Amino acid sequence: MVPLAVPFNSFGNALLLLFNCALATVIVIINVSVFISIIITKSLRTENRFIYMMSTCISDFGTGVSWYYLGIFDVDDTVSGKNTTYFISSNFLGLSYLVILAAQADRYHAVVSPFQYSRRMTPMKTVLVVCCLWVYAYAHVAALNLVTSATAAKISSIGTFVCNVITLVIMLGLNIKLYLIAKYQLSREPPSAEREPRRGSLHLIIIVAGCFLLFWTPVFTYIIICNFATTHCYAFVNRATDPLRILPRVNSALTPFLYVRGCTPLKQALLGKVWKCCASSSLR
């Protein structure tokens, strides 16, 4: 039997286990709720940005479910870790990362070249992009499990370095340019009822990108330094006690909440249909 991540013999240890359990629950509930809200609303599920959002909801749901195991029990899901899931659990988190980057690039294309975007990126093509990301992610997991530990470590370090470069280009470069373009377009529009929601969407772009960088940069920096440095890095006992691994899971709960907060149709579907229906069912 797999032991707990920390002994249940002190207030601090109990608080850590309860926090990880609560985090997993929040991730599961918010992502399932958002996914159902999009699926039952035709106007949402046919938009490209919500197709990306549905994909992140599915992968983040897997992240939440797997955190009940990684965050509560003594698990180190690394190349030579103990009680490992062979990267399957951690891969859900990586999938969300890839899809969020693709969604940000998609939004940039939609704002910069709206006419070309409407012709090129149909919902079916967006679904194809998402499917390709899922295939790539699990092909990567299969490769890590088929090679030696040393080779898997090199693949992981190189992949992390490349992802960091892509993150800087997309989340910093493209989003700053996107913010400036959208701000310029808004400044040219006369005051109207549609102007304020667009301004809110503009601020949402910056908040989502900022939170993404805030929660993901520490763990990526740590992995790169440890894999390329000659000195030995400090290794946490397991995933449940590693704050650098917990931060991206917090982002899995925060990102859908930010999308709901910044998108009125999604908020109406979530509060007016999904949660209202659940509340009515519980009162019967």
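These legends walk through several close-up views of a predicted model.

**View 1. A nonpolar patch on the surface.**
Let us start on the outside, where Val32, Ile36, Ile39, Ile40, Phe61, Val65 and Tyr68 make a nonpolar surface patch of about 510 Å². Which helices each supply at least two residues of the patch? They are α1, spanning 11-39, and α3, spanning 48-70. Val32 is a good residue to pick out, and you will find this valine in helix α1. Val32 counts as partly exposed because its relative accessibility is 32%, and partly exposed covers the range between under 20% (buried) and over 50% (exposed).

**View 2. The largest nonpolar core.**
Now step inside, to a core of 46 residues, the largest nonpolar one. Val34, Ile38, Tyr97 and Leu266 are the residues with the most contacts inside this core. Two or more residues come from each of α1, α3, α4 (88-112), α6 (123-146), α7 (149-188), α8 (195-228), α9 (243-262) and α10 (264-283). Which element gives the largest share of this core? It is α8, with 11 residues.

**View 3. Around Ile38, and a second core.**
Zoom in on Ile38, one of the residues with the most contacts inside the largest core. Setting aside neighbours within four places in sequence, Ile38 is in contact with Leu44, Arg45, Phe50, Met53, Met54 and Leu266. Apart from the largest core lies another core, of 8 residues, including Leu23, Ala24, Trp67 and Leu70.

**View 4. A salt bridge between two partly exposed residues.**
How many salt bridges does the structure hold? There are 4, and one of them joins Glu47 to Arg49, with the closest N and O atoms 3.1 Å apart. Glu47 is partly exposed, at a relative accessible area of 32%. Its partner Arg49 is partly exposed too, at 35%.

**View 5. A salt bridge with one buried partner.**
Here the side chains of Lys82 and Asp74 meet in a salt bridge, at 3.1 Å from N to O. Which partner is buried? Asp74 is, with a relative accessible area of 13%, whereas Lys82 is partly exposed at 34%.

**View 6. A salt bridge with both partners buried.**
Finally, look at Arg245 and Asp242, whose side chains form a salt bridge of 3.4 Å, N to O. Buried means under 20% relative accessible area, so Arg245 counts as buried at 17%. Asp242 is also buried, at 5% relative accessibility.

How values were computed: Residues are numbered from 1 along each chain as its sequence is written. This is a predicted model: local features need pLDDT of at least 70, side-chain atom pairs count only at pLDDT 80 or more; totals for chains, interfaces and linings use all residues. Side-chain values use heavy atoms; hydrogens and water are left out. Patches are made of residues with over 30% relative accessible area and no salt bridge: like charges are joined within 9 Å, nonpolar side chains (Val, Leu, Ile, Met, Phe, Trp, Tyr) within 5 Å. Accessible areas come from the Shrake-Rupley method with a 1.4 Å probe; for residues, only the protein chains shown count as cover. Helices (H or I, at least four residues) and strands (E, at least two) are DSSP runs, numbered from the N terminus. Buried means under 20% relative accessible area, exposed over 50%, partly exposed in between (1.4 Å probe, protein chains only). A nonpolar core is a set of buried Ala, Val, Leu, Ile, Met, Phe, Trp, Tyr and Cys residues joined through side-chain atoms within 4.5 Å. Contact means heavy atoms within 4.5 Å.
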